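Hello,

Here is the structure I promised to pass on to you. Have a look through it first, and then read on for my notes.

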Amino acid sequence: MIDLLTGISKANNHLLNEHSISEALQLCITALGDNISIDRCYIFKNQIDDGILKLYYEYEWCNENVEAYIGNPDLNGYSYDAFPGLYEVLIQNNPLYGTVREISNEFFREIMEMQGIKSYLFTPIFSNNEFWGWIGFDDCQNERIWKKEEVNALHSVANNIGIRLNQDKTRQELINTLYELDLYIKSSKQAKWEWNLITNEVIFSYNWFGMLGYSNSELEHNYSTWKIMYILMILIW
């Protein structure tokens, strides 16, 4: 259990500190794989194609002497209809785990056996209450009986992945909004300025100096400049 907690701690650290979400996810499953007694750790991402929700194998870590399947077309583009019972469990934000020989769906069992899997654990990833995908853990050596505390601990990692994904989505939406605002200001020949009352830093947008008949390099970008220009505009008006 100590190794498991160590892996989770390292995984959470990557989720918090890595700038790139792709890098964060890869380092996350690598940290888990390096510290837990498993043979393969991976992430499936959901994607809607032609109105159908499908699975795509996006990230993978493998133990030594275990075959990698990242990029394998046999693990991409399937709908959840091919694996009865999988979607119904994961969409409820519940983990799914057990031994491969006990899987009742023949196609699902064959896919798992093809990868040499004997025991598995899938735990769903939700981002902003949307079913984004899931993280999987394979044991290719033993028919492992997953302990409840192990399942709960690894489910917490999936929850943290969802939080990070939502943060990145929010950040991208903010960037897009700021881009649209900047485009509008430039096209309408308007300008804005920002004054940080704590640091006393002043930021002038594109065309702020141009509206006053100056170039950006003619005046200093500070509060004193804004104050002087503000007084002059009052006197002129």
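How many bridges join strand β4 (residues 96-99) to β5, and in which direction do the two run? There are 4 of them, and the strands run antiparallel. One thing to keep in mind as you read is that this is a predicted model.

**The overall layout**

The protein chain has 6 helices and 8 strands. Read from the N terminus, its elements come in the order α-α-β-β-β-α-β-α-β-β-α-β-β-α. Of the 237 residues in the protein chain, 38% are buried. If you take the contacts between residues at least 6 apart in sequence, 51% of them join residues at least 24 apart.

**Strand β5 and its neighbours**

I started with β5, so let me stay there for a moment. This strand covers residues 119-127, and 8 of its 9 residues are buried, so the rest of the structure largely encloses it. On the β4 side, G98 has Y120 of β5 as its bridge partner. β5 is also joined to strand β6 (residues 130-139), by 9 bridges, and this pair runs antiparallel as well. There, F122 finds its bridge partner in G136 of β6. The hairpin of β5 and β6 has 2 residues between the strands, and N128 takes a positive phi near 55° in this hairpin.

T123 is a good residue to click on in β5. With a relative accessible area of 1%, T123 is buried. Leaving out residues up to four places away in sequence, T123 touches P95, W134, I135, F137, L154, H155 and A158.

**Two nonpolar cores**

I135, one of those contacts of T123, leads on to the largest nonpolar core. That core has 29 residues, and the members that touch the most others are L32, I43, I135, F137 and I161. Two or more residues each come from α1 (2-17), α2 (21-35), β1 (40-49), β2 (52-62), β5, β6 and α5 (148-187). The largest share, 7 residues, is given by α5. For I135, again not counting residues up to four places away in sequence, the contacts are I29, L32, C41, Y42, I43, L121, F122, T123, I125, A158 and I161. Another core, of 23 residues, lies apart from this one; L55, F83, L86 and L96 are among its members.

**Aromatic rings**

How many aromatic pairs does a search of the whole structure find? The count is 16. In one of them, F83 and F108 have ring centres 5.0 Å apart and planes at 65°, which makes the pair edge-to-face because that angle is over 60 degrees. F83 sits in the loop between β3 (78-79) and α3 (86-90), while F108 belongs to helix α4 (residues 106-114), so this pair ties together parts that are 25 residues apart in sequence. Both F83 and F108 are buried.

Y87 and F131 make a tilted pair, with ring centres 6.0 Å apart and planes at 55°. Y87 is in helix α3 and F131 in strand β6, so here the parts tied together are 44 residues apart in sequence. Is each of these two residues buried or partly exposed? Y87 is partly exposed, at a relative accessible area of 30%, whereas F131 counts as buried at 12%.

There is also one aromatic cluster formed by Y42, F44, Y57, Y78, F83, F107, F108, Y120, F122 and W134. For a charge next to a ring, go to R144: its charged end sits over the ring of W146, 4.1 Å from the centre.

**Cysteines**

Finally, the cysteines, in case you need to set up their bonding. The count of disulfides comes to 0. C41 is in none, and its nearest cysteine sulfur, that of C28, is 7.2 Å away. C41 is buried, at 0% relative accessibility. For C140, the closest cysteine sulfur is in C62, at 8.1 Å, which is too far for a bond. C140 counts as buried too, with a relative accessibility of 13%.

Happy to talk any of this over once you have had a look.

Best wishes

Key: Residues are numbered from 1 along each chain as its sequence is written. This is a predicted model: local features need pLDDT of at least 70, side-chain atom pairs count only at pLDDT 80 or more; totals for chains, interfaces and linings use all residues. Side-chain values use heavy atoms; hydrogens and water are left out. Buried means under 20% relative accessible area, exposed over 50%, partly exposed in between (1.4 Å probe, protein chains only). Two strands pair if DSSP finds at least two bridges between them. Rings of Phe, Tyr and Trp (its six-membered ring) pair if their centres lie within 6.5 Å; planes under 30 degrees apart count as stacked, over 60 as edge-to-face and the rest as tilted. A charge sits over a ring if NZ of Lys or CZ of Arg is within 6 Å of the ring centre and within 35 degrees of the ring normal. A nonpolar core is a set of buried Ala, Val, Leu, Ile, Met, Phe, Trp, Tyr and Cys residues joined through side-chain atoms within 4.5 Å. Contact means heavy atoms within 4.5 Å. A disulfide is a pair of cysteine sulfur atoms within 2.5 Å.
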